[in-house]
Amino acid sequence: MAHIAVIGAGHVGTVYAAGLASLAHDVALVDIDRRRVAQLRAGKIPFYEPGLVELFRQGLAARRISVTTDYRRGLARREFVFLCVPSPITEDGSLDDSFVTAALRGILGHTRARARPIVVNKSTVPVGTGDNAAGSLHGSGIRIVSNPEFLAEGRALDDFFHPTRVVIGSQSPEDARSVAALYEALGAPVLITDLMTAELVKLGSNAFLATKISFANALAQVGQRLGADLAALRRGLELDPRIGAGHLRPGLGYGGSCLPKDLAALEHVARRLGAPYDLFAATAAINRYQRARVVDHLRARLGRLDRARVAILGAAFKAGTDDLRESPALALGRDLLELRATVTIWDPHAQRKALAAALPGARPCASALSAARGADAVVVATEWPEIASLDLARLRRAMRGMLFVDGRGVFGPQQAKRAGLDYFGFGLT
Ligand code: UGA
């Protein structure tokens, strides 16, 4: 059993706290947000992640998880400190490492010189952050290890317990091995490398996933124009293990707090170094274009959009999470509002208050039917099962028009046509 502090009780930090505790480690979860800490202590998770509430409560009950706002208490006698703080993107596309730097200062200030921990960085940082920090902390007793996380929201626990790989970047093989030992029970392949390479593995992995999606979107357009069977086309690619299944679903494009940001960060570093960046830029451009296709279609059918009413069904950036960050649904909503359309929005899991804040100017609704009432067009933006089970004929009756855009391949064209809807899709079904 190791004594671990996890700094940052966001999505990654909370999953790691619960996961590490269930591997029999003793975990102190530290966050500066008092309200969040109080909620977590009471076993309440402030976001939606399947299975997490139960696992977190087990950790609390077994006294393997404690939650605190107090750095000094949280860090006392900890051999490892996991950094799970945000790393937002700045205006120029680079990653902002100020939270990481502040957390490192906090660790330095609240630990004793003779018993300083290994800092395990999970936050996605600008490439080179680890080496810079290691340089400036030299002699302090703090050692830095980069151990990127590969948790996808909505299946984060599964990813925690069945990792495809554990990547550990360090200046010291001994520190790397101590961190690897924390995950031993998971039996995953371990890759030990230097700090910078580990940081680049993270950016490269997410940028590749984004590229796969944009590739799938570009290919689907060729297939669509030719009249190909797009489901078979996708399957034909997926069956090749070199291509692999996953992230080949065309649609409204990728969003979330990771893929867009990490792709932009990779483009930024490539530009800075004079390396080719066109592929990364093209990936982002295709992603934006997927949204523009919806707007173009609505304009072609409805003419000016300033008298149009559009209902967006689904607001989360994907199903299985209530996370609205960088959601294609909201980006589309903003594009439509800019063209002065009237926009209603509904999501089965996001709170109406959160929707109102995330998409000012749109009307958040309590149900799909109330969002669709009086609409000229309905756009499916998230592949929620609650949307897949909607009665399309009822939806059609609530609308005043009949345009139906399925941005996530939830319904087949025939199904929509039977309900009297005029279907536009991305060739998913
Ligand atoms: C992503 C990675 O998948 C994780 O491995 C990584 O750890 C995580 O970022 C992170 O850096 O923390 P996540 O952002 O939760 O995870 O979401 P994904 O499941 O990768 O989906 C991203 C976006 O791509 C979603 O908007 C989704 O709708 C879209 N997508 C996904 C497609 O448009 N097509 C697909 O075939 C797959």
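In this tour, Ala, Val, Leu, Ile, Met, Phe, Trp, Tyr, Cys and Pro count as nonpolar, Asp, Glu, Lys and Arg as charged, and the others, Gly among them, as polar. Keep in mind that this is a predicted model.

**Stop one: the ligand**

Select the ligand and the residues around it. There are 20 of them. Colour them by class: 10 are nonpolar, four are polar and six are charged. Now pick out Glu 149, Glu 153, Lys 202, Asn 206 and Arg 249, which come nearest to the ligand.

Next, show helix H9, residues 195-226. Helix H9 gives the largest share of the shell, four residues.

**Stop two: the polar contacts**

Zoom in on Asn 206. An N or O atom in its side chain lies 2.7 Å from an oxygen atom of the ligand. Move to Arg 249. Here a polar backbone atom is 2.7 Å from a ligand oxygen. Then select Leu 248. A polar backbone atom of Leu 248 sits 3.1 Å from an oxygen of the ligand.

Is the ligand mostly buried or exposed? Turn on the surface. The ligand taken alone exposes 720 Å², and the protein buries 93% of that.

**Stop three: the second largest pocket**

Leave the ligand and find the second largest pocket. Its volume is about 360 Å³. It is lined by 17 residues. Select Pro 260, Asn 287, Arg 288, Arg 291 and Glu 326, the closest to its centre.

Which helix gives the most to this lining? Show H11 (259-273), H12 (278-302) and H13 (328-338), which each supply at least two lining residues. H12 gives the most, with five.

Finish by colouring the lining by class: nine nonpolar, three polar and five charged residues.

Technical notes:
Residues numbered from 1 in each chain as written. Predicted model: local features only at pLDDT ≥ 70, side-chain atom pairs only at ≥ 80, totals over all residues. Heavy atoms only, no water. Near = heavy atom within 4 Å. Polar contact = N/O pair within 3.5 Å; in protein donor to acceptor, adjacent residues only side chain to side chain. Areas by Shrake-Rupley, 256 points an atom, 1.4 Å probe, with all protein chains shown as cover. 1 Å grid on protein atoms, 1.4 Å probe; cavity = no way out; pocket = protein on both sides within 12 Å on 5 of 7 lines; lining within 4 Å. Points joined across faces, edges and corners; volume = space filled by probe spheres on them.
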